[in-house]
Amino acid sequence: MTTSREVRLNAIPDGLPTPEHFTIAETALPAPAEGEVLVRNRFFQVFPAVRTLFGGGVKGTPFPAIGPGEPLIGMAIGEVVEGDLPTGTLVSHWQGWREYAVVPVDQVTPIGDVLTDPVAHLSQGLSAYTALTKCAEVREGDTVFISGGAGGVGSLAAQYAKQLGAGRVVGSTGSQWKAERMRSELGYDEVLKRGEAPEGIDVFLDNVGGEQLTRAVANANDGARFVLVGALSSQLSPDHAGTTAFTEIDLLRLIANRITVRGLSPRDSWAVQAEWEERFAGWLRTGEVTFPHTKISGIENAPRALQELLAGQHVGAVVVEL
Ligand SMILES: NC(=O)c1ccc[n+]([C@@H]2O[C@H](COP(=O)([O-])OP(=O)(O)OC[C@H]3O[C@@H](n4cnc5c(N)ncnc54)[C@H](OP(=O)(O)O)[C@@H]3O)[C@@H](O)[C@H]2O)c1
């Protein structure tokens, strides 16, 4: 294989990206040098934060900004076809949005066989699990509120929270058609409209920020634990670049109710990978948890997949299959 197709950004979108902002470019593939591997990508993740990278990214995160003319990045699963690892090894790495990638060997991770479906490695489950177990430390009987409850993070967070002993799991969504699926398939006891928050929150896993966070602070129980995972209301705002997220919260409620608020960085999750794989695989095996996701076929459909994800047209993770 000497050429590969990849998705490139044409220009920084003014507002949310649409397929016109991308080109599917054919590129010549270099042979892998010493210390590199050539990987044939089989799947890559379509994720909302890629929009934040077009706007310049966020200081302190491990992901670089994406400029005009550059290929997109994101997590991918592929098989080694040449280089410093055995041919056929399935690996994860960050050069998604392309058919083939030449990657330094220290930037690929063999995925092993704990999770039998390789696509499960492209779930947002690791972040959901880390937020619930290591940051919020969900306890038996907790009322857990998950904003953006039908998305890649939220669809697994709800199911994990139930397995971890939560007493009541409440989610929010901006797409009313998702509410029924959230109740019947994802374990939610109650579903609210985007921006609303239930009374009596013990744990808040926030993917949305903004008004949702303001209201959750007002409705939190004494000693509530808030984990800020994302800020979709700002990240996906068409009015600005999505690289900052300002929200008004009542500090006196935080103080009076001894609420802890902490952010989740992708760096928090790295040490939890092996534990999460074991537990997720176990829950999948027994059928206690499902992995909601949509597979979209062909790199040429990846820009449309992103547009659909941002518009709220999918439940769970969105993955492009090559
Ligand atoms: N900190 C970390 O380590 C980490 C790791 C992974 C992900 N994240 C972050 O976690 C968040 C959730 O990720 P995800 O993959 O689960 O995303 P996602 O929920 O799948 O993102 C797409 C969803 O966003 C919602 N949405 C669209 N526009 C919105 C708006 N203006 N306000 C609020 N919601 C809007 C829609 O859901 P509805 O139609 O249901 O409203 C849409 O389906 C993101 O902010 C992501 O960047 C953080």
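Colleague: In which strand is T173 placed?

Modeller: Helices (H or I, at least four residues) and strands (E, at least two) are DSSP runs, numbered from the N terminus. T173 is in strand β9, which covers residues 168-173. This is a predicted model, where local features need pLDDT of at least 70 and side-chain atom pairs count only at pLDDT 80 or more, while totals for chains, interfaces and linings use all residues. Residues are numbered from 1 along each chain as its sequence is written, and side-chain values use heavy atoms, with hydrogens and water left out.

Colleague: Does T173 count as buried or exposed?

Modeller: Buried means under 20% relative accessible area, exposed over 50%, partly exposed in between (1.4 Å probe, protein chains only). T173 counts as buried because its relative accessibility is 5%.

Colleague: Which residues is T173 in contact with?

Modeller: Contact means heavy atoms within 4.5 Å. With neighbours within four places in sequence left aside, T173 is in contact with K178, M182, V191, L192, K193 and R194.

Colleague: How many residues surround the ligand, and which are the closest?

Modeller: A residue is near a molecule if one of its heavy atoms lies within 4 Å of it. The ligand is surrounded by 27 residues, and T173 is among the closest, together with G174, S175, Q235 and L264. Helix α6 gives the largest share of this shell, three residues.

Colleague: Which polar contacts does the ligand make with K178, L264 and P266?

Modeller: For a ligand, a polar contact is a pair of N or O atoms within 3.5 Å. An N or O atom in the side chain of K178 is 2.9 Å from an oxygen atom of the ligand. From the backbone, an N or O atom of L264 lies 2.7 Å from a ligand nitrogen atom, and one of P266 lies 3.3 Å from a ligand oxygen atom. On its own the ligand has 920 Å² of accessible area, of which the protein covers 90%; such areas come from the Shrake-Rupley method with a 1.4 Å probe.

Colleague: Where does the ligand lie with respect to the domains?

Modeller: Domain bounds come from an automatic or database assignment. The chain is divided into domain 1 (3-122 + 292-321) and domain 2 (125-269). Their centres, taken over C-alpha atoms, are separated by 27 Å. The contact takes 21 residues from domain 1 and 23 residues from domain 2. The ligand lies between the two domains, because both give residues to the shell around it.

Colleague: How many residues of helix α2 are buried?

Modeller: Helix α2 (residues 125-135) is mostly covered, with nine of its 11 residues buried. Among them are G125, Y129 and C135. After α2 comes E137, with a positive phi near 45 degrees.

Notes: Polar contact = N/O pair within 3.5 Å; in protein donor to acceptor, adjacent residues only side chain to side chain.
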